[in-house]
Structures are given as structure tokens and as C-alpha cells.
Amino acid sequence: MQYQITSDNIDISPSMTALAKEKFERVERRVIGYVPEDARFARIVLNSAPNEMFTVKANVNFGGKEFFSDKTDYTLESAIVRTVEELLQMMEKEKEIKLDKNKTITDELLQEADSAVE
């Protein structure tokens with residue numbers, strides 16, 4: 001996956017970059033085998049927030065499907081984890097919607113077939 005990891009208000013250290021990539025591997029694993037490597041992209045913005053907190057914004061694109069999340073927490077790692085969790089939930093929900101649409105289409109075809117037989 002191609003990563004763009006930036007910040008608007010803090011200096012990004014190599015360890016911050018490594019942490020973000022490590023946590024976002026869970027998102028990438030979800031699409032390995034379905035989306036080619038060059039069609040996977042993540043833009044991650046790591047920022048400090050008021051009250052000694054951190055905000056993580058992520059825009060992830062997999063072969064034309066785009067997901068966005070932003071979360072704030074007291075540590076950078078927990079903000080990244082919360083962002084990843086939300087992205088995974090969105091991806092799972094999208095998968096469920098596709099399954100529901102396929103099921104609906106299948107149900108309609110079965111009903112039409114039953115009607116034709118009667």
C-alpha cells in the first residue's frame with residue numbers, strides 16, 4: 001500500500017510513521033488479494049489537538065472505494081487504533097450492503113421464477 005503520512009502541526013518522527021503503518025496493516029490485510037498493490041492508497045494526517053490530545057485523520061482508497069475517518073484520543077497510538085477500527089467497521093458494513101443487494105436480487109429472481117412456474 002502506498003502511504004502519505006503528514007501533519008499540520010507536529011514534526012513526524014520515523015517511529016510515528018512506523019506506528020501508523022503497523023496499525024494500518026489491519027486495513028490493508030482486508031483487501032489483499034482483491035485489490036492490486038498499486039490501487040491501495042492511504043493518506044494519514046497525525047495532529048496534536050487541544051487538551052494534550054491527538055487527532056488522526058485517514059482517507060483510504062482501495063481500487064476506487066474511498067473511506068474516511070478521524071478520531072481524537074489522549075495518545076497517538078490510541079487515536080490511530082480508533083481510526084483503524086472505524087475504517088474496518090465501514091469496510092465491513094459496505095461488504096454487508098453488497099451482500100444484502102445480492103440477496104435482494106437473488107430473492108427477486110427466485111420470486112420471478114416461482115411466478116413463471118405457477
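**Salt bridges in a predicted model**

Guide: The structure, which is a predicted model, holds nine salt bridges.

Visitor: Why is the pairing of E77 with K23 called a salt bridge?

Guide: The closest N and O atoms of E77 and K23 are 3.1 Å apart, and because a salt bridge requires a side-chain nitrogen of Lys or Arg within 4 Å of a carboxyl oxygen of Asp or Glu, the pair qualifies. This pair links distant parts of the chain, since E77 lies in helix α2 (residues 76–117) and K23 in helix α1 (residues 14–29), 54 residues apart.

Visitor: What makes K23 buried, and what makes E77 partly exposed?

Guide: K23 has a relative accessibility of 19%, and buried means under 20%, so K23 counts as buried. E77, at 39%, falls between the limits of 20% and 50%, and therefore counts as partly exposed.

Visitor: Which salt bridge does E28 form, and how do you know that it counts as one?

Guide: E28 pairs with R40, with the closest N and O atoms 3.0 Å apart, and because the cut-off is 4 Å, the pair is a salt bridge. Here too distant parts of the chain are linked, with E28 in helix α1 and R40 in strand β2 (residues 40–49), 12 residues apart.

Visitor: Why is the approach of E28 to R40 also called a polar contact?

Guide: The side chains of E28 and R40 make this contact at 3.0 Å, and the distance part of the definition is met because the limit for a pair of N or O atoms is 3.5 Å.

Visitor: Is E28 buried or exposed, and how do you know?

Guide: The relative accessible area of E28 is 12%, and since buried means under 20%, E28 is buried; R40 is buried as well. Not counting residues up to four places away in sequence, E28 touches M1, Y3, E37, R40 and F62.

Visitor: What makes the meeting of E86 and K71 a salt bridge?

Guide: The side chains of E86 and K71 meet at 3.4 Å, N to O, and because this distance is within 4 Å, the pair is a salt bridge. The pair links E86 in helix α2 with K71 in strand β4 (residues 65–73), 15 residues apart.

Visitor: Why are E86 and K71 called partly exposed?

Guide: E86 has a relative accessible area of 23% and K71 a relative accessibility of 21%, so both values lie between 20% and 50%, and each residue counts as partly exposed.

Visitor: Which residues are joined into one network by salt bridges that share partners?

Guide: E22, K23 and E77 are joined in this way.

Terms used:
Residues are numbered from 1 along each chain as its sequence is written. This is a predicted model: local features need pLDDT of at least 70, side-chain atom pairs count only at pLDDT 80 or more; totals for chains, interfaces and linings use all residues. Side-chain values use heavy atoms; hydrogens and water are left out. Helices (H or I, at least four residues) and strands (E, at least two) are DSSP runs, numbered from the N terminus. Buried means under 20% relative accessible area, exposed over 50%, partly exposed in between (1.4 Å probe, protein chains only). A polar contact is a pair of N or O atoms within 3.5 Å; within protein, one must be able to donate a hydrogen and the other to accept it, and residues adjacent in sequence count only if both atoms are side-chain atoms. Contact means heavy atoms within 4.5 Å.
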